[in-house]
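Let's take a walk through this one, looking at a couple of helices and then at the charged pairs. Pull up the model and follow along.

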Amino acid sequence: MQLKVGDLKKLQETINYTARHDAVTNTLNGTAFAAAVEHYIDRRKRIATDGGGVMIAVVIDTLDEISRRYGPQWADTVMQSLAAIIQSSVRKGDLVARLATNELGVFLPGATIENAQDVGTRIRRRVAEASFSAEGSLMTIGIRLGGAVFEGPTDFTHIRQLADEMAMERGGECEDAIPLSRLPAA
């Protein structure tokens, strides 16, 4: 009976992991990421800390083109590689998630603007240094970065919308600094 209970516990852990993580990138999925950010915001309200945080949106401009030219398996491979690059570029305790087919999100709890700029610079540099090829052809990976800084009460939807706007409006500019916008304090 104990063996069966142990097997059931392992199965439940596997189910929970699968429900919270993206199958391609092994990062959090959008739902789990949103819940984690909301939990952080709610916890900050209850204990009245001033930690704030930053969310960075990483939009992969060339993913659809890669999928059409080389096939969806290559787009998945690129997403796996980019997720690994981003995970190696963040601080301990930061969260990485796949938010859309061509978008990864990074949540930096308690981060300053300087912390976010450092993470963004590492991401850009490591993506630029990485070599991506398919069927003997070099692939160009175009990414856009944008971020939202928050300190006061807010919600995940507002943070994500602002980070996405910053990435889409100014995030493709070839510069070290990533465009960040501050959510107004409530």
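Here is a short tour, helices first and salt bridges after. Keep in mind that this is a predicted model.

Start with helix α4, residues 72–87. Its 16 residues should span 22 Å at 1.5 Å a residue, and the end C-alpha atoms are indeed 22 Å apart. Its buried residues are Ala 75, Val 78, Met 79, Leu 82, Ala 83, Ile 85 and Ile 86. Look down the helix axis and these fall within an arc of 160 degrees, so they line one face of α4. That fits a simple rule: an α-helix has 3.6 residues a turn, so residues three or four places apart point the same way. What does the buried set of α4 pack against? The partners are strands β2, β3 and β4, along with helices α3 and α5.

Now move on to helix α6, residues 156–170, which reaches 21 Å from first C-alpha to last. Asp 155 caps its N-terminal end, with a side-chain oxygen 3.1 Å from the backbone nitrogen of Thr 157. Among the buried residues of α6 is a charged one, Asp 164. Asp 164 pairs with Arg 160 in a salt bridge at 3.4 Å; the two sit 4 residues apart in α6, so about one helical turn separates them. Glu 103 joins Arg 160 and Asp 164 in a network of salt bridges.

The model has 7 salt bridges in total. One of them, Asp 61 with Arg 144 at 3.0 Å, ties together distant parts of the chain: the loop between β2 and α3, and strand β7, 83 residues apart. Over in α5, Glu 129 and Arg 125 lie about one turn apart and meet in a salt bridge at 3.8 Å. Glu 129 counts as exposed because its relative accessible area is 57%, over the 50% cut-off.

Definitions and conventions:
Residues numbered from 1 in each chain as written. Predicted model: local features only at pLDDT ≥ 70, side-chain atom pairs only at ≥ 80, totals over all residues. Heavy atoms only, no water. Expected span 1.5 Å × (residues − 1). Buried < 20%, exposed > 50% of the residue type's maximum accessible area, 1.4 Å probe, protein only. Arc of directions from axis to C-beta. Contact = heavy atoms within 4.5 Å. Polar contact = N/O pair within 3.5 Å; in protein donor to acceptor, adjacent residues only side chain to side chain. Salt bridge = Lys/Arg side-chain N within 4 Å of Asp/Glu carboxyl O.
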